[in-house]
Structure formats: structure tokens, C-alpha cells
Amino acid sequence: MFHTGPMTPVEIGWRRPFTSSEANRLHAEAFDTRVFDDDEWDWVALVESNSLGWVTARLDGELVGFANVVTDGFVHAWLQDVMVHPTRQRTGIGIGLVNEVSARVRAAGCEWLHVDFDDDVADFYYRRCGFQPTNGGLLDLQSPIDDPPGAGVVTTRPAEEGDLDAIVALSATARARLAQLEPVCWRPHPRADANQRGWFGLLLNDPAHHLVVSIDGDDRIDGFIVARATDAPPVYDPGGRTCLIDDLVAPSPEGGTELIDAVRRWARTGGCTQLVVVTPTADPGRRALLGRSGLHPTSEWWTGPI
Ligand SMILES: CC(C)(COP(=O)(O)OP(=O)(O)OC[C@H]1O[C@@H](n2cnc3c(N)ncnc32)[C@H](O)[C@@H]1OP(=O)(O)O)[C@@H](O)C(=O)NCCC(=O)NCCS
């Protein structure tokens with residue numbers, strides 16, 4: 001039990017009773033969906049037959065938080081359906097749910113607790129619950145089998161002057177996302193758009209830089225990459241010419257791979273022996289993309305208050 005306010009006790013319980021109607025109402029509120037009825041989503045029957053357990057959070061008897069945990073029965077457990085009622089969010093209930101799950105899963109002998117999530121709750125899981133980024137994958141089993149993911153052709157070409165507006169807009173969206181993921185290194189700059197437009201314009205005419213765009217099916221620019229060929233610092237192994245990827249906005253996993261391949265071809269022609277990319281630790285999608293492109297992490301930037 002803990003308190004969200006001076007006098008408001010929240011009861012956190014492991015494998016405690018709840019009804020499917022309660023869970024469906026909470027799910028609809030937390031994930032902003034319609035309310036499923038109990039025949040469609042029978043939470044109680046499902047968790048009882050498939051889960052290692054579940055955690056409930058109750059405030060004055062009302063179900064205000066819930067988390068489900070499934071397992072391979074050995075070393076792995078997966079956190080699912082972590083949800084807190086919107087009117088009770090940011091009062092510590094989410095952390096309470098995850099802490100209870102961690103303790104129970106550890107007690108069950110598991111070694112790893114997994115979770116996947118959208119960008120907007122990265123802070124919650126990484127900063128506040130202690131999860132580390134890792135590569136992961138998700139296959140949409142409901143996508144049509146005659147149109148498998150990755151079947152689309154991705155087109156790339158060197159950027160031109162007329163592409164600058166689209167590139168600056170894509171860059172602004174990407175920066176806003178990065179600022180959410182990791183504000184320490186990506187705080188928004190008030191003149192970012194103007195500065196970037198000037199900077200990208202210069203790069204177009206600089207032979208040491210290569211700016212490539214990707215094009216979607218409607219001929220719109222949906223991604224770009226900026227690379228720079230430079231001499232490696234003397235401590236690099238291998239030394240010689242190195243290709244630094246300064247900026248990358250990937251439209252999709254396939255588009256990202258295609259952009260990196262385009263840069264790699266350019267860099268190889270220019271005598272570069274390796275690619276170097278700086279990427280946010282808290283961006284598992286980007287890390288997965290780089291991993292698929294044959295890169296591996298070499299070092300991390302750590303930061304903390306003084
Ligand atoms: C994600 C969720 C479970 C977090 O629960 P919560 O009870 O609000 O979280 P807590 O109060 O324990 O949060 C503690 C800290 O986590 C971080 N945090 C929580 N939610 C956050 C959010 N939406 N954005 C950024 N940081 C967040 C904050 O640092 C917060 O501390 P603060 O309030 O002092 O700033 C809840 O927001 C939720 O149910 N969201 C909708 C459903 C969902 O997306 N679930 C995750 C599916 S994997």
C-alpha cells in the first residue's frame with residue numbers, strides 16, 4: 001500500500017480478484033479505445049490461464065491501475081497492459097505496478113523482465129523504472145500475407161535545392177521526438193529551422209558531404225540522411241577516411257536501411273573504411289535500424305546533474 005496524497009491509500013495487490021468489466025473500463029480510459037465487452041475480452045479467464053500473474057491498484061475500492069505479466073516459465077517474463085486511469089496518472093501508481101511486477105517475477109526465479117512501448121512513455125520505463133534499451137522486433141500478424149512488410153520499394157536519390165523545405169520540416173519533427181526521448185542532448189533551439197535550412201543549403205555544395213533523400217509512392221520526400229567524409233582521429237582503428245552520419249530521418253525500417261546503404265556506397269567510392277553514427281540511447285527503433293545495417297554500438301554518452 002502507498003499514498004498518492006496525504007490521506008489516499010492505494011492498494012497494490014498481486015493476483016488479487018478483479019472483474020473483466022473493470023479491466024475493460026480501465027483499458028478504454030487508459031488507451032482511449034472503445035469499451036470492449038466481457039465476451040470480446042475476458043481478462044479474468046485470459047490471465048488465469050496464460051499469465052504468471054497480474055497486479056491491481058485500487059483506490060477506495062475502484063480499479064485504477066493494472067499490469068499483466070506473462071512468462072516462458074523459466075528465465076523470461078513480459079510486461080503487458082500496464083495501465084493507470086488518466087485521472088490518477090502521475091501519482092506514482094505506474095511505478096508501483098512495475099515495482100510489484102519486478103519483485104514477483106524475481107521471486108518466481110526469472111532473470112529478465114521485458115517490455116515494449118510507444119515513445120511517449122519511454123521516460124517512464126527508462127528513467128523511472130530502470131529498464132535498459134535493447135533491440136527488439138514486432139511482427140504484425142494481421143497484415144495481409146500477399147503484401148508482407150518490406151515488400152515496398154524504397155527510392156532514394158541525392159538531395160537537391162528544391163528538397164530543402166521538406167528536409168527542414170522532417171528534421172523539425174525528428175528533433176521534437178528526440179527532445180521527448182532525451183532532452184539533455186536535444187533541447188529544441190528557437191532558430192533551429194532557419195539555421196538548419198542554411199546549413200543543409202551549404203552541404204549541398206560541399207563535396208565532403210552527401211545528402212540523400214528517400215521518396216514515397218506519391219513522390220514526396222519522406223526521409224533523409226546527411227553524411228560527411230572525414231579523416232579518422234588517430235585513435236580510431238581502422239584509421240583512414242571515416243564516414244560520419246550527421247543526421248538521419250528514416251521513413252520506415254526499410255527506408256532507413258536504404259538511406260544508410262546509399263551513404264555507404266558513396267563513402268566506399270570516396271575511400272572511407274567505416275561508418276560512425278551518434279544516436280540516442282533511448283531510441284530502440286534507431287538502434288535496431290543501425291544493428292540491421294551491420295553497425296554495432298562502441299560507446300555511450302552518460303550524463304548527470306552536478
Ligand atoms: C504509462 C503509465 C502506465 C504510467 O503510469 P503513471 O501512474 O502515470 O506513472 P507514475 O506516476 O508512476 O510516473 C512516474 C514517473 O514516470 C514518468 N512518466 C510517467 N508517465 C509519463 C508520460 N506519459 N510521459 C513522460 N513521463 C512519464 C514521469 O517521470 C513520472 O514522474 P513525475 O510525474 O514526477 O514527472 C500511464 O501513463 C498509462 O496508463 N498510460 C496509458 C497506457 C499506456 O501507454 N501504457 C503503457 C503501455 S506499455
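Start in this predicted model by selecting residues 209-215 and 221-231. These are strands β8 and β9, an antiparallel pair joined over 7 bridges. For one position across the pair, pick His210. Opposite His210 sits Ala227 of β9.

Next, show the link between the two strands. β8 and β9 make a hairpin, with 5 residues between them. Stop at Asp219 in the turn. The phi of Asp219 is positive, about 70°.

Now add residues 241-249, strand β10. β10 pairs with β9, again in the antiparallel sense, over 8 bridges. Highlight Phe224, whose bridge partner in β10 is Val249.

Zoom out and colour by domain. The assignment gives domain 1 as 2-128 and domain 2 as 155-292. Their centres, taken over C-alpha atoms, are 38 Å apart. How many residues of domain 1 are in contact with domain 2? There are 4, and they meet 4 residues of domain 2. Colour the domain 1 side by class: 2 residues are nonpolar, 2 are charged and none is polar.

Last stop: the ligand. Select the 18 residues around the ligand, then label Gln89, Arg90, Gly94, Ile95 and Phe124, which come nearest. Which elements supply at least two residues each to this shell? Show these four as cartoon:

- α1, residues 20-31
- β5, residues 76-84
- α3, residues 93-107
- α4, residues 122-128

Finish by colouring the shell by class. Around the ligand, 10 residues are nonpolar, 4 are polar and 4 are charged.

Terms used: Residues numbered from 1 in each chain as written. Predicted model: local features only at pLDDT ≥ 70, side-chain atom pairs only at ≥ 80, totals over all residues. Near = placed C-beta within 6 Å. Helix = DSSP H or I, 4+ residues; strand = E, 2+ residues; numbered from the N terminus. Nonpolar A, V, L, I, M, F, W, Y, C, P; charged D, E, K, R; others polar. Domains from an automatic or database assignment. Contact = placed C-beta atoms within 7 Å. Pairing = 2+ DSSP bridges.
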